[in-house]
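Work through the exercises below with the sequence and the 3D structure at hand. Try each task before reading its solution.

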Amino acid sequence: MEKEKSDSARIFNRFAFWKGHQAEVESPSKSSETEEKNGNAVIDIENLNIYIRDNHILKNVNLTLLDKKITCIIGPSGCGKTTLLRSINRMIDTTEHLRVEGRVLVDGEDIYDRKAEITHIRKKIGLLSQRPTPLPMSIYDNVTYGCRIHGIRNRKVLDATVEKYLRGVNLWEEVKDRLHNPASALSIGQQQRLCLARGLAVEPQFILADESTSALDPISSKHIEDLFAKLRERYGIIMVTHTLRQALRIADYVVFMYMGEVIEQGTAEELFKNPQHELTKQYLSGVFS
Ligand SMILES: Nc1ncnc2c1ncn2[C@@H]1O[C@H](COP(=O)(O)OP(=O)(O)OP(=O)(O)O)[C@@H](O)[C@H]1O
Ligand SMILES: [Mg+2]
């Protein structure tokens, strides 16, 4: 009970910080209202700094990302959006000359703790990269790849998984008669949906999506966007987009970054209708892209 209270106070505290107010953490009714509004599980990023060689790429990032909500990350090219996403499930680890300072807490556990297990982290937080990256194997094997890594071998279970997740991403009807053909033969939009199915099949809690619709035609793009809107019922979605209209249509929360820093964050309505920072205003009005 005490923990619940302090968790909701913490979330409210962050929420109040977003709005630029002094936190009002002691009001239980407000805290629970806010918690209901905001969802449950969280990714808490605390004082995150990322350096690659001598370059300071992410600068003291503090963010709370919520389950069952869509958070869109916006900002000009090179501001650190991809680096941020890649640091949330430790895909960034593959970068040479990397130094990470600060903490990324997922349900209270620091993923940068020396004892943290990377496979477990990536199961919990899936990353969908900008360019779809189907594995060089069949459609079927792509979807079941994660399940097999996690030890599931039963053919019936795997068959059911393939159908369930391909249906989930609206790809089943298009590929059900060629499940054992190479995934590389699919169109880019189909590959993007296949990669999403592969990510969902390991039942993550959060999905990180890096400009997942940028390479798609408007119809395929709308398809993926609608899917995310539907997936929000079960997952926390953190999505990088360059399309402000998309963020406006889909986001619950928006984070604006500039040159490695989080400049402003808030509900989509607050940030789009009433941006506080001059840089946010300029970005939204198209002064720089
Ligand atoms: N492996 C790396 N080595 C050196 N610098 C890097 C590396 N990866 C990223 N950077 C630098 O970090 C900064 C942020 O890059 P990042 O890819 O995160 O930006 P972004 O906001 O995703 O940009 P875009 O919108 O163009 O995708 C850039 O200046 C980039 O050059
Ligand atoms: Mg990027």
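**Exercise 1.** In this predicted model, find how many bridges join strand 9 to strand 10 and in which sense, parallel or antiparallel, the two strands run.

*Solution.*
Step 1. Locate strand 9 at residues 253-258 and strand 10 at residues 261-267.
Step 2. Count the bridges: six of them join the two strands, which run antiparallel.
Step 3. Check individual pairs. Val-254 faces Gly-266 in strand 10, and Val-255 faces Gln-265.
Step 4. Look at the connection. The two strands make a hairpin with two residues between them, and Met-259 in the turn has a positive phi of about 45°.

**Exercise 2.** Place these strands in their sheet: what is the strand order, and which strands are at the edges?

*Solution.*
Step 1. Recall that strands of a sheet pair through backbone hydrogen bonds, either parallel or antiparallel.
Step 2. Read off the order. The sheet is open, has six strands in the order 6-7-8-3-9-10, and its pairing is mixed.
Step 3. Identify the edges: strand 6 and strand 10 each pair on one side only.
Step 4. Consider the twist. On average, neighbouring strands of this sheet are turned by 15° against each other, direction ignored.
Step 5. See what lies across the strands. Helix 3 crosses strand 3, strand 6, strand 7, strand 8 and strand 9, and runs at about 150° to strand 8.

**Exercise 3.** Decide whether Ala-268 is buried, partly exposed or exposed.

*Solution.*
Step 1. Find the residue: Ala-268 is part of helix 11, residues 268-273.
Step 2. Count its neighbours. Ala-268 has 18 C-beta neighbours inside 10 Å.
Step 3. Apply the cut-offs: a residue is buried with 20 or more such neighbours, exposed with 12 or fewer, and partly exposed in between. Ala-268 is therefore partly exposed, because its count is 18.
Step 4. List its contacts, leaving aside neighbours within four places in sequence: Ala-247, Leu-248, Ala-251, Asp-252, Tyr-253 and Val-254.
Step 5. Compare with Val-255, which is 13 residues away along the chain; the C-alpha atoms of Val-255 and Ala-268 are 8.8 Å apart.

**Exercise 4.** Describe how strand 4 pairs with strand 1 and with strand 5.

*Solution.*
Step 1. Take strand 1 (residues 42-52) and strand 4 (residues 98-106): they pair in the antiparallel sense over eight bridges. One pair is Asp-44 with Leu-105 in strand 4.
Step 2. Turn to strand 5 (residues 109-110), which is antiparallel to strand 4 and joined to it by two bridges. Here Val-106 stands opposite Glu-109.
Step 3. Examine the turn. Two residues separate the strands of this hairpin, and Asp-107 has a positive phi near 50°.

**Exercise 5.** State how many residues of helix 8 are buried and what they pack against.

*Solution.*
Step 1. Check the length. Helix 8, residues 188-200, has 13 residues and spans 18 Å from first C-alpha to last, close to the 18 Å expected.
Step 2. Count the buried residues: twelve of the 13, so helix 8 is mostly covered. Among them are Leu-194, Ala-197 and Arg-198.
Step 3. Name the partners. The buried residues pack against strand 6, helix 5, helix 6, helix 7, strand 7 and helix 9.
Step 4. Describe one partner in detail. Helix 5 and helix 8 pack at an angle of about 35°, with their axes 6 Å apart. From helix 5, Ile-139, Asn-142, Val-143, Tyr-145 and Gly-146 meet Leu-194, Ala-197 and Arg-198 of helix 8. By class, this contact has five nonpolar, two polar and one charged residues.
Step 5. Look at helix 5 itself. Its buried residues include Ile-139, Asn-142 and Val-143, and what covers its buried residues includes helix 6, helix 7 and helix 8. After helix 5 comes Gly-151, with a positive phi near 90°.

**Exercise 6.** Find which helix gives the most residues to the shell around ligand 1.

*Solution.*
Step 1. List the shell: Ile-52, Asn-55, Ile-57, Gly-75, Ser-77, Gly-78, Cys-79, Gly-80, Lys-81, Thr-82, Thr-83 and Thr-95.
Step 2. Find the elements that give two or more residues: strand 2 and helix 3.
Step 3. Pick out the main contributor. Helix 3 gives the most, with three residues.
Step 4. Sort by class: three nonpolar, eight polar and one charged residues.

Notes: Residues numbered from 1 in each chain as written. Chains lettered and ligands numbered in written order. Predicted model: local features only at pLDDT ≥ 70, side-chain atom pairs only at ≥ 80, totals over all residues. Helix = DSSP H or I, 4+ residues; strand = E, 2+ residues; numbered from the N terminus. Expected span 1.5 Å × (residues − 1). Contact = placed C-beta atoms within 7 Å. Axes fitted to C-alpha atoms, helices over the stretch in contact; angles between N-to-C directions. Nonpolar A, V, L, I, M, F, W, Y, C, P; charged D, E, K, R; others polar. Near = placed C-beta within 6 Å. Pairing = 2+ DSSP bridges.
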